[in-house]
Structures are given as structure tokens and as C-alpha cells.
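Please open the model in your viewer and keep the selection panel at hand. The tour goes from the whole chain to smaller selections, one stop after another.

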Amino acid sequence: MNKPETLIIQSDQPEKWQKILSDLITDPKDLLDYLQLDEAQRPASLMAQTQFPMKVPMPFAAKMRKADWGDPLLKQIWPATEEEIVDSRYVTDPLAEADSNPMSGLLHKYHGRVLLTAAPHCAVHCRYCFRRHFDYEENAPSRVLWQRCFDYIGADNSIEEVILSGGDPLALADKQIGWLLDELESIHHITTIRIHTRLPIVIPQRITNELIEILSLRKVKIVMVIHCNHAQELCSDSRHALNTLSSIGLILMNQSVVLKDVNDNADCLVELSRKLFSVSVLPYYLHLPDEVAGTAHFDVSRNRALNLIAQMQTRLPGYLVPKLVKEEPGQPSKTRIG
Ligand code: SF4
């Protein structure tokens, strides 16, 4: 079978963010040299690297503490030997997304909204990712595929919202993002476009004037849901990027995953909520980790997570306490815990 023509619209000159994106740290040794750590203490797992290769943008590495294996950002991206643990509860498609994939590039799980896998890659590989086994090649964007998705959305009046997800949609070139937004806006029953992205956190240089122009003055509501797990991820460049996005009227929200030894303590989550709000981002969801093969070592129990939320409620106004949720296959929405 012929592979569909891949749609890539490139700028004439790569911008700074594109250079960062094309120069990711992929060799664990390079990262450890930079962080002044000795691989002999915690070797990278070859199996983990083969299954889901390490990818770290330099601006994200720059936020990690040097010479500290306990750094919460390092733990999120390090291909640890713990990923080799086999546990039958942890599977490759824990959300059964394959059942909601009526065509390549489109997931239709919930009433009123569809998700497009807008880009075939992310700027960072988060080890706990529920899509670490997702077939991005099969779902790679192409003109033919996009047209099929637009036809599907256009034929179903009940779809009001389109979610551009990942891979990371902001890893696409500006022209391609603009084209996608234009096409979706032209479908009369679409009222909202939601962008799920980790780029303002891992490569804040991505929020360029050109991108801001593309996102501004849209007919539909644009909601951006970022993914930030720890206050340490909100460096001055990320804060500037988020303030800029907020200044053009985008609704900004955050979803985090509660992860063992990364952010599973109340002080950490309270600080995250406060710092997010200081840059106009509302804490939206705190996800329990999904049971993805290779990620059992990140698990936090329901009771522990509920206890963390209870502690947050005593220290924060209600609007700064995220909803604790879990995604369960076959359910009509995310499942609220507690
Ligand atoms: S940015 Fe999101 S989709 Fe990409 S690897 Fe991380 S969690 Fe997964």
C-alpha cells in the first residue's frame, strides 16, 4: 500500500524553536554529561530506549538541577531500567483508543468532540505517556487524511469541538497550523478548537510573534491546554510564553499527571497551582497515571491521590484545585475520582 503524501509546510528559514526541535538530546550519555551525572549509578535501559527513545529539548534539560538523580524533571524523561518491569495490568493501549479510531488521525471517544492526532511526534518523550505505544506512523497527517477527517467532522453536526493533540500540534510549522485552523473554522458547527500542547513548557521559544498572530482574532474560541507537572518547569521563558498567550485572550488550562517521586506531594502540587495561576493558567485536571506498559513505577494509588487533593483543598481556593480524574475505556467522559 502506498503511504499517504505527508503534509509538511516549511518556512523558508528555520526559526530558533525549529533548530531546538531538530537538535534534541537523544543520547542518554549526552544528557548525563550535561547534568554531571554518572551513568554507572543508574544506567539507561536499552529496552526502554528501543521501545520509546529518549527525546529532550535543551530548554527543558536546562531546568533540571545538576548532579541530582532525584530531579523531578529528569525522572519524567529518563529511560529507567524500571520500565523493564512486566506487570500484566499494564498494557500497550490502556484506553482502548484503537476502538475509537474510525479513521487514521481521528479519535472519536466522547460526544460532541473529536481529537485529531495533528502531529506525528512530540518535542519530548515523557516516559509515562499513555500514547507511548500509539501508532503515529499509521496516523501521520497527510492531505488525503486531513480531508477525510474534515469530511467526517463536517458530516456530524453534533461535533462542536475539535481537539488538536499529539504528538504535539505546536510542533507543526506556523503555516500548517494556520491552515488547519482555517479549515476547521470553515466547518459551520465547530465552535471551539482546543490545542493540547507541552511546547510552552519544553520549548517556550515556540511561542513566536508569528504564532501569536495565527492564533489571534479567530472566529472560534481557542482553548489551550498545556501539560505541566511541576513548578520547576515554569521557568521565566515559559512564564513569558504563557503570559503572551493569555494576553491575546486564549483560555489557558493545565493538565498534570500525578507521578510517584515527581509530584506526589501536597507542597509540590500547591506550588504548581499557585505558579500556574500567576501566569493565568487554571489547573484543570490531575490525572491518575494510565496503566501503560513500562510505566508501573510511576503509579500513585487512588487513596494517596485523593489524600493529596484533600490537602490541596485545605490550602487553596476551589478554582486552584484540579479535578482528580482517570480515563477509563468505554466511558462517555473522564471518570472523576472522589
Ligand atoms: S508531550 Fe504529551 S503526548 Fe507527547 S510524550 Fe509527553 S505526555 Fe505524551
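The stops below cover the domains, their contact, the sheet and the ligand shell.

Begin by colouring the chain by domain, keeping in mind that this is a predicted model: the domain assignment gives domain 1 as residues 16–84 and domain 2 as residues 97–336. If you place a marker at the centre of each domain, taken over C-alpha atoms, the two markers are separated by 23 Å.

Next, select the contact between the two domains, to which domain 1 brings 25 residues and domain 2 brings 24 residues. On the side of domain 1 that touches domain 2, the elements giving two or more residues are helix 1 (16–22), helix 3 (46–51), helix 4 (58–61) and helix 5 (72–77). Which helix gives the most to this side of domain 1? Helix 5 does, with 5 residues. Colouring the residues of this side by class should show 17 nonpolar, 2 polar and 6 charged.

Now hide the contact and display the strands, which include an open sheet of 9 strands with the order 1-2-3-4-5-6-7-8-9 and mixed pairing. To find its edges, select strand 1 (106–110) and strand 9 (335–336), each of which pairs on one side only.

Within this sheet, select strand 5 (residues 221–227) and strand 6 (residues 251–257), which run parallel and are joined by 5 bridges. One pair to label is His227 with Gln255, its bridge partner in strand 6. Adding helix 10 (residues 236–247) to the selection completes a β-α-β unit, in which strand 5, helix 10 and strand 6 are arranged with right-handed sense.

Continue to strand 7 (residues 282–287), which runs parallel to strand 6 and is joined to it by 5 bridges. The chain passes from strand 6 through helix 11 (residues 266–278) to strand 7, and this β-α-β crossover is right-handed too. Between these two strands, label Val257 and His287, since a view along the sheet then lets you follow the pair: Val257 stands opposite His287 in strand 7.

Finally, select the ligand and the residues that surround it: Cys122, Val124, His125, Cys126, Cys129, Arg131, Gly166, Asp168, Arg198 and His227. Sorted by class, this shell holds 4 nonpolar, 3 polar and 3 charged residues. Keep His227 highlighted as you finish, as this residue belongs to the surroundings of the ligand and is also the bridge partner of Gln255 in strand 6.

Methods:
Residues numbered from 1 in each chain as written. Predicted model: local features only at pLDDT ≥ 70, side-chain atom pairs only at ≥ 80, totals over all residues. Pairing = 2+ DSSP bridges. Helix = DSSP H or I, 4+ residues; strand = E, 2+ residues; numbered from the N terminus. Right-handed = clockwise from strand over helix to strand, strands pointing away. Near = placed C-beta within 6 Å. Nonpolar A, V, L, I, M, F, W, Y, C, P; charged D, E, K, R; others polar. Domains from an automatic or database assignment. Contact = placed C-beta atoms within 7 Å.
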